[in-house]
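Me: I have a model open and would like to learn how to read its features one at a time. Where should I begin?

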Amino acid sequence: MKTILIFIATILMQFAWSQKIITGKVVNEKDMPLSGVNVYIEGTYDGNITDEKGEFVFTTEVTGKQILKVTLLGYETLTKEITIENYSFQSYRILQSVNTIEAVVISAGTIKAGDNSKISTLKPMDIVTTAGAVGDIVGALETMPGVNAVGESGRLFVRGGEAGETQTFVDGIRVAQPYGASPGNVPTRGRFSPFLFKGITFSTGGYSAEFGDALSSVLLLNTIDEPTQNQTDISIMSVGAGLGKTKKWTNNSLTINTSYINLQPYYNLAPQNLDWNKAPQTLAGEAVFRQKFKKGLLKVYTAYDFSEMNVNQKDINFSEKIQFGLTNKNLYSNASFKGNITDGLQVQTGLSFGFGTNQIGINFDKINNVERALHYKFKLRQTITGRIKWLAGTEFFHTNFDEKYTALNSNGIAYGYQNNSFAYFTELEVFLSTKLAFNAGLRSSNATVVGQRTWEPRASIAYKMAAKSQLSLAYGNFNQLPNSDYLKFASTPLEFEKTNHYILNYLYNDKGKMFRAEAYYKDYDQLIKYNTSLPQYNSNFSNSGTGYAKGIDLFWRDSKTVKNLDYWITYSFIDSKRDYRNYETQATPTFVANHNFSLVTKYFIEKWKSQLGTSYTFNSGRPYDNPNEVTFMNGKTKCYNNLSLSWAYLLSQQKILFFSITNVIGSTNVFGYQYANVPDSNGIYQRQPITQAADRFFFVGFFWTISDSKKENQLNQL
């Protein structure tokens, strides 16, 4: 018996000696103890949680070098290599995760919609439910601060920049021709339907080094990663019809949208201010194919549209109207892949091709042009720690533009240009704490058409002042190639146009309430000047132009105070002057209004099963040059006013009737004046106003969704 007891005691002692006690303490950034922290040895069940003093203790039988992990929800995981035999009491400090909702976000110059953004100024449905936007992404963005509503264009004009100073990207890949074609002084629309996009990032300045060749702004459109179900969408509208279909399989899916728009029946009922021989007609389609892989997602996006129109336009210099005909064909396709090489290393790559043709007839003269554009991008993003992220990449752009002008009884004149651009970019994002973060980047590019290299530093910093408010600062240097109107005629190489952005942003965000205030300054250099009334083959071009833009943008949104009411208010003040194009001296450009105001409301009436929307936009008068006066650009148009209404009525869960009226009060908005080239017999230059195509626009649509759940509808797409 004694022998047995000795044997058992020996076994117990050996078992005890084979175990090692692991003990320590876990604290936060301020050295305060943290309770409930999980501490364990990776690959084993050996571990424990900390007590109220932040201390832990457990035993383990493993030996040698092991990985100790310290985890707590809302904090970054700490990984520490230890040697069991040499281990002694240690204190571990873990940092609060910067992915929490409380963490600071760099918001200077950036407006986001969707993508689960912490600072979403817009929601995805806002793009298509804003009264007056009529489903156009640009139309909705015109209610945002910093954007001038230029009614005769329909394009984005941001903080004193022309429309060509904004670049559009789909899934990170650039779009060469983002707008539809239209005659002069007739507004166009963006080419892309908002139905396929999950989120939008609209940067009014100070944007990432990843994006370039844009002096003022970038618009990033991200397609939906994964549809939730099989679905069919049918649209019958006063201007045409549309059909959408989504088919979902286990690891892939396909979404197709098609539409046919013919404005002739509508124009027969609603009088127009233009004399149409053939009203605009458009046949368009787009598709997204998605394929999931174990560690990544491939998306292939394709869009095509064909449009034609013919109109008689009055010209102050001619007694008879000028006949203008236009046929446009456009194809855009991109393929993008995003996936993980390792847990902390992500790769993103993509390729796009754009092909656009215009056949233009001006009385008996013809202009035919073709643009081919290619973009390839490769980017790596490394998560070094939870607080340090780094990206680097390269991209290639190719553009081939050919145009031929043929006058009556002539052989024609051909001109154009080709360009290859290479760009490299890198950026570092660092969170010093949940209250302080900064971003620093550098972009470099060269282009064969100008034969020079750029160096473009970018930097931003954000500090969280309180639980609901923060300050951000941003600086960026930006370069852009002159647009095709200049490059196609230039006989000698031009240089990049340049600008610097300086931005100060204040953000208050509190569960349904948001306030943004942003002050900015932009200085322009090397802008294009020429010595003729319009850019043409015999113009003398130079990069001697300069300019500036400065102002303040205010934004307030509230969806919390009044039940079922969501509204936002924006105000922008801008002071901008340029000496460019054929300007006689530095002056405010014709597209800039000093004061811009918008009020957008959306109210859902449960009893009526209806959503009512209103949108009011006011712009102060815009400058124009009156040759009858001595001072250059001394004229000023009257103020712009536009009140629009919309009503979405839920006929049933999946059927909606939608009404929309733009410019309800029928304001006669004037965007400028065209003056005669020569004075009359009294020495006076006669003029005619540039006005809107119609006093009002009425829209009626029926939208029917057929889905697996039988609950989905298109209310968020109206």
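**Reading strands, sheets and loops**

Reply: Begin with one strand pair: strand β1 (residues 20-27) and β7 run parallel and are joined by 4 bridges. Keep in mind throughout that this is a predicted model.

Me: Which residue in β7 is the bridge partner of Gly 24?

Reply: Gln 90 is the partner of Gly 24 in that strand.

Me: What is the order of the strands in the open sheet that holds this pair, and how do they pair?

Reply: The sheet has 3 strands in the order β4-β1-β7, and its pairing is mixed. Strands β4 (55-60) and β7 (90-93) are at the edges with a single partner strand each, so each has one side without a neighbour in the sheet. From one strand to the next, the twist averages 30°.

Me: And where do the side chains of a strand point?

Reply: In a regular strand they alternate between the two faces of the sheet.

Me: What is the strand order in the open sheet of 4 strands?

Reply: That order is β3-β2-β5-β6, and the pairing is antiparallel. The edges are β3 (47-49) and β6 (78-83); each has a single partner strand, so one side of each is left without a neighbour in the sheet. Here the twist from one strand to the next averages 15°.

Me: Over how many bridges do β2 and β5 pair?

Reply: Strand β2 (residues 38-41) and strand β5 (residues 65-71) pair over 4 bridges, in the antiparallel sense. To find the register, look at Asn 38, which stands opposite Thr 71 in β5.

Me: Now for hairpins. How many residues join β21 to β22?

Reply: The hairpin runs through 4 residues. On either side of that turn, strand β21 (residues 322-340) and strand β22 (residues 345-362) pair in the antiparallel sense over 17 bridges. Lys 338 has Gln 348 as its bridge partner in β22.

Me: Which strand does β22 join through 18 bridges?

Reply: That strand is β23 (residues 365-385), and the two run antiparallel. Gly 354 pairs with Ala 373 in β23. The hairpin of β22 and β23 has 2 residues between the strands, and in this hairpin Asn 363 takes a positive phi near 55°.

Me: Which phi value does Arg 159 have?

Reply: Arg 159 is not a glycine, yet its phi is positive, about 45°. Arg 159 belongs to the loop between β11 and β12 (166-170).

Me: Is Arg 159 buried or exposed?

Reply: The test is relative accessible area, and buried means under 20%. Arg 159 has 2%, so this residue is buried.

Me: Where is Asp 171 found?

Reply: Asp 171 is in the loop between β12 and β13 (173-175). Its phi is near 55°, a positive value in a residue other than glycine. The relative accessible area of Asp 171 is 7%, so Asp 171 is buried.

Me: Let me try a further loop. Where does Ala 149 lie?

Reply: Ala 149 lies in the loop between β10 (147-148) and β11 (157-158). This residue has a relative accessible area of 11%, so Ala 149 is buried.

Me: Which residues does Ala 149 touch, leaving out those up to four places away in sequence?

Reply: Ala 149 touches Glu 142, Asn 619 and Arg 622. A second way to read its surroundings is by C-alpha separation: the C-alpha atoms of Ala 149 and Phe 591 are separated by 8.6 Å, while the two residues are 442 residues apart along the chain.

Me: What fraction of contacts in the protein between residues at least 6 apart in sequence join residues at least 24 apart?

Reply: For the protein, the figure is 59%.

Me: How many helices and strands does the protein have?

Reply: There are 5 helices and 41 strands. The C-alpha atoms fill a box of roughly 135 × 60 × 45 Å, taken along the principal axes.

Me: What share of the residues of the protein count as buried?

Reply: Of its 718 residues, 49% count as buried. The protein exposes about 33,500 Å², and 57% of that area is supplied by carbon and sulfur atoms.

Me: How far apart are the mean positions of the positive and negative charges?

Reply: The mean positions of the 70 positive and 60 negative charges are 5 Å apart.

Methods
Residues numbered from 1 in each chain as written. Predicted model: local features only at pLDDT ≥ 70, side-chain atom pairs only at ≥ 80, totals over all residues. Heavy atoms only, no water. Pairing = 2+ DSSP bridges. Axes fitted to C-alpha atoms, helices over the stretch in contact; angles between N-to-C directions. Buried < 20%, exposed > 50% of the residue type's maximum accessible area, 1.4 Å probe, protein only. Contact = heavy atoms within 4.5 Å. Areas by Shrake-Rupley, 256 points an atom, 1.4 Å probe, with all protein chains shown as cover. Lys, Arg positive; Asp, Glu negative; His and termini not counted. Charge placed at Lys NZ, Arg CZ, Asp CG, Glu CD.
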